[in-house]
Every structure is written in structure tokens, then in C-alpha cells.
Amino acid sequence: MFWHCLVIASLSAALFASDAPALVTQPENPLAGYSFYGNSDYSSKVLQKAVPQFQREGKEGLARQAARVASVPTFMWMSSRDQIQKLRPFAEEAQHQVRSGAKLLLPLVIYNLPDRDCGAKASSGELSIADNGVDLYKSSFIDPIAATIKQFPDVKFVLVIEPDSLGNLVSNINKTKCRNALEGHKESVSYALRTFDLPNVHMYVDGGNSGWWGNPTNMGPAAKLVGEVWRRAGRPRAFRGLATNTANYNAWSVSQCANYTQGSRNCDEKRYINAIAPLLQREGTPAHFITDMGRSGVQPTGQWAWGDWCNALNTGFGLRPSTQTDDPLLDAWVWIKPGGESDGTSSVMAQRFDPKCGQADAKQPAPEAGQWFQEYFEQLLRNANPPFEE
Ligand code: BGC
């Protein structure tokens, strides 16, 4: 209730401030009444890797529970150019279901910025700014994905644009790789927002999480940056707002804040989105949200510090994807990070080794980012909240 009043108070403050642009009217949740298409990329990992592994280990109960996880829809990550070819068969299948009456959303993560993951090492990608990465990103990554999306006008796509990108530009700009990437990242993210401004798309740019952007130091600059790229993209109509908590572990809403949230008043995602929404409104941008709950089932987690993002201990699968939420700002709870895929390798010898993945609050040994991590999947499943039935 308090937060509600705060939002209303801030909205009216924005309304009456002389330099504030008119508020964008808040249309109904465009995702309501739809369900997410579950891609077989994830379900086949669960059914072909996790389930047989549990069976080999004599964990029959976990094997039966895992088979249920396989039908939870997760976002498909377009994290390199060779992933693009997977999109068409999924879109064809979704289209087929739509033509038989299903109301489906096809969820995708767009994740291939040049000099990607500039604040950490674990997920650095295939393109580099020094090597013509911005042009390649546009012409050989964004353009072909958009071309495919256009060919399936009756399928609705929900896009999460570039996890970590704007987040790093706000808080890691002191790191050389991020500083050098500033212009290229703004240009690339704006280009993506402009190019995906299509009638069958709803897009959310990555908005960090309550532990990252939710503090007063970062929240103002973050909202300004979102406003900047949104304007630069030509105020795309398909833009809905922010995706939060991507690949993180924060609670949706807790009555008691975890110790590692260090007194932050925005210690969970519900508080965070309600705090940043009025700042986005002030920028003139739409301010709706989707929030990743895939690994948020256990609170508090085993994280030592709020910023410990890598394969955190004592986490569990969380709320299932749904467009029926308890907050008017939230369009859907979603599973963006496919639970069971690693956040980064714990091998100190690896080129993409990041110290966060070698800390004692990160599960180890861990494979490279994106690779199947059976022991992590088992942790998420054992701790799932709500639990999976056998
Ligand atoms: C990895 C990607 C992967 C994604 C989803 C990221 O951390 O860098 O390659 O697709 O996680 O698991």
C-alpha cells in the first residue's frame, strides 16, 4: 500500500512538474490471456540430460519432478549468430499452434552485443567493437532475427533486449572495457529497439535487478539511460519497459529483507519496479515490467553478497511463468535464465574464468556459461518453491 501511494505521489509529481513530458497512457497488459511457448531446446536438455542422469543415480523421485520442469516455458537465448537458425522452426511450430487457436507468446533473449558482458568475464561473446562489431551486430545478428520475426505476423514475440548491457553502463563505467563500449552499446541497443519495433513484438530492455539498479545512486542514472536509448530508437511503440532480475535470484516480494540486501529499501523486485517506474515515467518511457523468477524460489539464498551472480548456492526454482500477476506494473513473471544452464565456469584456467564463479558461495565445479550444469539443476529442483510434484 505504501508503495502504491508512493507511485501515485510520484506520478502526480511528474505530471505537474513543468518540464515533465506528458505521461504515456498505460494500456492494458498486452500479454494477458496468452501463455508462453515452451521451446524444445530447454525441454530436451531436461528430458535428455537431467532425467536420465537422475535415473542412473537412482533418484527416481527427482527424475519424475524434472520431467515436469521440462514443460515450463523458458526464454530462448539468441546468444550468438549460429543460434539464429533455431528460431524459424520454433516460430513455425508456434504459428501452427496459434492457427489451431492457441494464444501464444514466443519468448526470446537478444544477447550478442559486441564486447558483451563488459563488467565480467564469464559471458563475453563473439563480437568485438574493435573488429567492426557494431556493424556486424546490426547486419548479421539483429537484421536477420527481425526478418524472421516479420515472417510470422500471427505469432507474438516477447523480447528481452541485452541482459547486463545498460546495467554495466550505469555501474561499471570505471572498467576500461565498459568505458570503451559506452557509445557502441548505446548505439547497438537503440538499433535493436528500433529494428524490433514491429506489430507482433513486445520488448523489454534489461533493467538489472533490485540489487543492481535498485539503490538511489544507480536508479536515477539508469532511468535516464533507458530514456536516452528509447528516444534514440525513435520511441518504439513495441517497447513496454524493463525486464528485471534476469539470471538473478532476488525475491519478488518478501516481508523480511535478506541480510545481504544491506538495508536497501528496494530489497525485492516488487519494491524495485515500483520505485523505478515513476522515474521512467518522468523520462516519458512506458514503464511496465517482466521479472525473472526462474531461480528465485529460496529466500534468502546462499549468496554472501548481493552482487554474487554466479551459480549461487542454495537457490531453487521459483514462481512459474504467468501473465496474471499481483502488481499492475508487472506484465508477467517469467523464466528468462533457463534453470540448469551455468552462469560461468569455475575453472581458473579458462579464458572466461571470472572470480565470482570461483567464490565459495558459487556452486562448483561449474561448466562454461550456458552449458548444462546438472548439479545446479538438481539444487534448483530440490529447493523448488512452489515444489514440483512427482
Ligand atoms: C550465457 C549464454 C547462455 C545464457 C543462458 C549466459 O550466461 O553466456 O551463452 O545462452 O546464459 O543460459
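This dialogue reads backbone features, one buried helix residue and a cavity in a predicted model.

User: Which peptide bonds in this predicted model are cis, and what is omega for each?

Analyst: As a general idea, most peptide bonds are trans. In this structure, a cis bond joins Gln 299 and Pro 300, with omega about -10°. The bond from Asn 385 to Pro 386 is also cis, and its omega is near 0°.

User: Where does Pro 300 lie, and where does Pro 386 lie?

Analyst: Pro 300 belongs to the loop between β7 (288-292) and β8 (330-334). Pro 386 is placed in the segment after α10 (374-382).

User: How should phi be read, and what is its value in Glu 162 and in Ala 247?

Analyst: Most residues other than glycine have a negative phi. Glu 162 is a residue other than glycine with a positive phi, near 50°. Ala 247 likewise has a positive phi, near 60°.

User: In which loops are Glu 162 and Ala 247 found?

Analyst: Glu 162 sits in the loop between β4 (156-161) and α6 (165-171). Ala 247 occupies the loop between β6 (239-244) and α9 (269-283).

User: Is Glu 162 buried or exposed, and why?

Analyst: The cut-off for buried is under 20% relative accessible area. Glu 162 counts as buried because its relative accessibility is 1%. Ala 247, at 16% relative accessibility, therefore counts as buried too.

User: Where does Leu 169 lie, and is Leu 169 buried or exposed?

Analyst: Leu 169 is part of helix α6. Its relative accessibility is 7%, so Leu 169 counts as buried.

User: Which residues does Leu 169 contact beyond its neighbours within four places in sequence?

Analyst: With those neighbours set aside, Leu 169 is in contact with Cys 178, Leu 182, His 185, Lys 186 and Leu 225. For His 185, the separation from Leu 169 is 16 residues in sequence and 8.4 Å in space, taken from C-alpha to C-alpha.

User: How is empty space inside a model found, and how many cavities of 30 Å³ or more does this structure hold?

Analyst: Rolling a probe the size of a water molecule over the atoms shows where empty space is left. Here there is one cavity of 30 Å³ or more. The largest cavity encloses about 50 Å³ of space.

User: Which residues line the largest cavity, and how many fall in each class?

Analyst: The lining consists of Tyr 111, Leu 113, Arg 116, Asp 117, Cys 118, Glu 162, Pro 163, Asp 164, Ser 165, Asn 168 and His 185. By class, four of the lining residues are nonpolar, three are polar and four are charged. Two residues discussed above return here: Glu 162, with its positive phi, and His 185, a contact of Leu 169, are both among the lining residues.

Terms used
Residues are numbered from 1 along each chain as its sequence is written. This is a predicted model: local features need pLDDT of at least 70, side-chain atom pairs count only at pLDDT 80 or more; totals for chains, interfaces and linings use all residues. Side-chain values use heavy atoms; hydrogens and water are left out. Helices (H or I, at least four residues) and strands (E, at least two) are DSSP runs, numbered from the N terminus. Buried means under 20% relative accessible area, exposed over 50%, partly exposed in between (1.4 Å probe, protein chains only). Contact means heavy atoms within 4.5 Å. On a 1 Å grid over the protein atoms alone, a cavity is a set of points where a 1.4 Å probe fits but cannot get out, and a pocket is an open set with protein on both sides within 12 Å along at least five of seven lines; lining residues have an atom within 4 Å of a point. Grid points are joined across faces, edges and corners, and a volume is the space filled by probe spheres set on the points. Ala, Val, Leu, Ile, Met, Phe, Trp, Tyr, Cys and Pro count as nonpolar, Asp, Glu, Lys and Arg as charged, and the others, Gly among them, as polar.
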